Amino acid sequence: MTVYQNSQNSMEQLSEKELLDFVKAGNLPRHIAIIMDGNGRWAEKKGLNRISGHREGIQSVRGVITLSRELGLEALTIYAFSKENWNRPALEIKTLMLLLEEYLKRELPTLMKNEIRFQSLGRIEDLPLPVIQSIKKVEEATRNNKKMVLNIALSYGGRAEIIDAIHQFNADVQKGTRLLKELDENLFSSYLYTRGMVDPDLMIRTSGEERISNFLLWQMAYTELYFTRTLWPDFGRKDLLLAILEYQRRERRFGRVSPESHGEI
Ligand code: IPE
Ligand code: IPE
Ligand code: MG
């Protein structure tokens, strides 16, 4: 067993309070992105239908939002429905949309109380009208909240986001408000759904799958990736703290040489 595994295992033995103290003493990520995965498998393991898994997963969403806000993160981005998820059975999609609408309606007072701004990312126009209306309402009501941004990616695809940005940039070029030669990475970022936000420092994916499934392709160029086998409905406060602790042990080099490297050239 490696040293890394030993210390990770010993961390898992700590209480939530102890983990919280460790996390607070370290360098906190500004932005965490999460691919919440494994709702279906969680339900199947318990002999329930997939929808029960999605319903249970909402509790984990609430938990990570609350803890992220307590820790003082600037942004939390949660992948809730991908463009590819439209290929699921019609009944699952319909129920997911109803759960989403119900969630938005119920959560607004909590978002207001905790001064969290809600934003949707994705091709929102693809969603059913009542969902679009609920999104607009919550976005509008929370727009001046300053403590944290909560992004929920819906009908989201990273490639589609890049294509949408190109179309919007081109429209500005056609209008004469932009010149093609001005285009650089910063300007391009300002055409993405995540405009004005820092890139995620840490991306967490639950359920043991180790892929990014078309999530934040542009923004994750230098994000630290963390994969856990825990299924999303079982992902609690301690799991988020363990992920942040792992992040705090990483050295982010951004292509540079480690300052601790004493090697000869
Ligand atoms: C994640 O759980 C939630 C959504 C994609 C909506 P899944 O529904 O993908 O669960 P698994 O991967 O089938 O277990
Ligand atoms: C990714 O999960 C999308 C969301 C979490 C919303 P999926 O379960 O759809 O991803 P794949 O199909 O396993 O890559
Ligand atoms: Mg899945």
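**Two ligands in a predicted protein model**

In this predicted model, a polar side-chain atom of R50 comes to 2.9 Å from an oxygen atom of ligand 1, a polar contact in the sense of a pair of N or O atoms within 3.5 Å. The protein covers 88% of the 380 Å² of accessible area that ligand 1 has on its own, where areas follow the Shrake-Rupley method with a 1.4 Å probe. The backbone also takes part, since an oxygen atom of ligand 1 is 3.2 Å from a polar backbone atom of N39, and a backbone N or O atom of G38 lies 3.4 Å from an oxygen atom of ligand 1.

The residues around ligand 1, counted as near if one of their heavy atoms lies within 4 Å, are M36, D37, G38, N39, G40, R41, R50, H54, A80, N85, R88 and L96. By class this shell holds three nonpolar, five polar and four charged residues, with Ala, Val, Leu, Ile, Met, Phe, Trp, Tyr, Cys and Pro taken as nonpolar, Asp, Glu, Lys and Arg as charged, and the others, Gly among them, as polar. Helix 3 (39-45) and helix 4 (50-71) each supply at least two residues of it, and helix 3 gives the most, with three residues; helices here are DSSP runs of H or I with at least four residues, and strands are runs of E with at least two, numbered from the N terminus.

Ligand 2 is surrounded by I35, M36, D37, Y79, A80, F81, S82, N85, R88, R205, R211 and S213. The largest share of this shell, four residues, comes from strand 2 (residues 75-82), and its classes are five nonpolar, three polar and four charged residues. Polar side-chain atoms of N85 and D37 lie 2.9 Å and 3.2 Å, respectively, from an oxygen atom of ligand 2, while an N or O atom in the side chain of R205 is 3.2 Å from an oxygen atom of ligand 2. Taken alone, ligand 2 exposes 390 Å², of which the protein buries 78%.

Ligand 1 sits in the largest pocket, and ligand 2 sits in the largest pocket, which requires that more than half of a molecule's atoms lie within 2 Å of the pocket's grid points. A pocket is an open set of points on a 1 Å grid over the protein atoms alone, where a 1.4 Å probe fits and protein lies on both sides within 12 Å along at least five of seven lines.

The protein chain as a whole has nine helices and six strands, and its C-alpha trace spans about 55 × 55 × 35 Å along its principal axes. Its radius of gyration, taken over C-alpha atoms, is 20 Å, which agrees with the value near 18 Å for a compact globule of 265 residues, the rule being 2.2 Å times the number of residues to the power 0.38.

Residues are numbered from 1 along each chain as its sequence is written, and chains are lettered from A and ligands numbered from 1 in the order in which they are written. Side-chain values use heavy atoms, leaving out hydrogens and water, and local features need pLDDT of at least 70, side-chain atom pairs count only at pLDDT 80 or more, and totals for chains, interfaces and linings use all residues.

Terms used: A polar contact is a pair of N or O atoms within 3.5 Å; within protein, one must be able to donate a hydrogen and the other to accept it, and residues adjacent in sequence count only if both atoms are side-chain atoms. On a 1 Å grid over the protein atoms alone, a cavity is a set of points where a 1.4 Å probe fits but cannot get out, and a pocket is an open set with protein on both sides within 12 Å along at least five of seven lines; lining residues have an atom within 4 Å of a point.
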